[in-house]
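Trainee: Hi, could you walk me through a structure today?
Mentor: Happy to, let me put it up.

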Amino acid sequence: MSIGHTLLGLLESGPRHGYDLKRAFDEKFGHDRPLHYGQVYSTMSRLLKNGLVEVDGIEAGDGPERKRYAITDAGVSDVALWLATPEKPEPYLQSTLYTKVVLALLTHRNAADLLDTQRSEHLRMMRILTDRKRNGDLADQLICDHALFHLEADLRWLELTAARLDKLAEAVTR
Amino acid sequence: MTHHPAGSLLAASGLRKTYGPTTALDGAEFSIHPGEVVAVMGPSGSGKSTLLHCLAGIVPPDAGSITYNGQEMAGLSDTQRSALRRSEFGFVFQFGQLVPELTCVENVALPLRLNGTGRKEAERTALAWMERLEVDDLGAKRPGEVSGGQGQRVAVARALVTGPRVLFADEPTGALDSLNGERVMELLTEAARSTNAAVVLVTHEARVAAYSDREIVVRDGKSRDMERAV
Ligand SMILES: Nc1ncnc2c1ncn2[C@@H]1O[C@H](COP(=O)(O)OP(=O)(O)OP(=O)(O)O)[C@@H](O)[C@H]1O
Ligand SMILES: [Mg+2]
């Protein structure tokens, strides 16, 4: 995720201090990974250098987090452009799972077992996410759903592969 | 060959069932504890529904043992088995389980009425369950007049109304979109947990299976307990 664009976007509703930006980021987006002050500082100085933000005031005391930042017109355009640009879909073509299945078949190990064990591992993670979703707020639900749909996609691939193992074995050992 | 895990409410071992030339179950094992939700997964045609039907005493296995509460099912008469089904088990299927001529509340109350409960009391209990499943406002409607998701919640209420100790659910969310399906799963597992009922949940959907405590996989009529396998 682009931290720069996210911080910039948070500034659009009004100027904020460095510490306030970090707090807003952590609260909204940082669920598992809060930002370090160092990250905020380096990101803000880059945005400053590129003219996307300006310093709007400095609180007494020192430390970069005491600077108050405001977004510039160029900054607003940059956020707009970022939001309007679709994210590149992940091609997901480099699959360790696929490699493992083929190697298992090549070495005459039990590929069906491997798939079952993987399903079980995926389900374990999905249970944790489902639990978190059940007890969480809407933000938790949306974030967990995103992860759950991805894990589900892996599992659908896994079921399909399990159903075609015989054919795959034939193809790879030929 | 009967070796059933200690403390299990419902357990089966060495289950075999053939339909003509087709082997539906080929030595399947199963066990579930009170309050546990176990997902039964596996490819289409692998024997999941057959396993559920055997466990519920709907279909007799050709071989193997099933015990409920420590009692061998094969030792029961047909009458005893259907009495057991009516009083201790609840069922939810994918479609078409509600009686179209009855209102929703009459549908939910039906299992109680069949067990001899008076109409007033049965409908009062039915409404309480419908409230838990967030469909108490549909009491007067007939199944044809409610949405698929609502109908499925009514069906879950009906399955739970007798306070079953085991709930059998075969693709209970199969006909629902994912938001509705998940809500049904949430309500179903919540209700089952609060009454300490065990749930046997056949599903091919991982997101639905994620509401279970553990899963078994059925393949070619054989079961694999993933908890013990890992
Ligand atoms: N009443 C029946 N008569 C004949 N064959 C049957 C009967 N019931 C099941 N079978 C066969 O037994 C096998 C297992 O069927 P079962 O319904 O248990 O599969 P399943 O795992 O539930 O599949 P699905 O995911 O498609 O529902 C299949 O080959 C099926 O055709
Ligand atoms: Mg089935």
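Mentor: We can talk about chain B and then about a residue of chain A.
Mentor: This is a predicted model, in which local features need pLDDT of at least 70, side-chain atom pairs count only at pLDDT 80 or more, and totals for chains, interfaces and linings use all residues. Residues are numbered from 1 along each chain as its sequence is written, chains are lettered from A and ligands numbered from 1 in the order in which they are written, and side-chain values use heavy atoms, with hydrogens and water left out.

Trainee: What does the secondary structure of chain B come to?
Mentor: Chain B has eight helices and ten strands. Those are DSSP runs, numbered from the N terminus: helices are H or I with at least four residues, strands E with at least two.

Trainee: And how much of chain B is buried?
Mentor: Of its 230 residues, 53% are buried. Buried means under 20% relative accessible area, exposed over 50%, and partly exposed in between, with a 1.4 Å probe and protein chains only.

Trainee: Switching to chain A, where does Thr72(A) lie?
Mentor: Thr72(A) is in the loop between strand S3 (67-71) and helix H4 (73-84) of chain A.

Trainee: Is Thr72(A) buried or exposed?
Mentor: Buried, because its relative accessible area is 13%.

Trainee: Which residues is Thr72(A) in contact with, leaving aside neighbours within four places in sequence?
Mentor: Gly51(A), Leu52(A), Val53(A) and Glu54(A). Contact means heavy atoms within 4.5 Å.

Trainee: What separates the C-alpha atoms of Thr72(A) and Leu97(A)?
Mentor: They are 47 Å apart, with their positions 25 residues apart along the chain.
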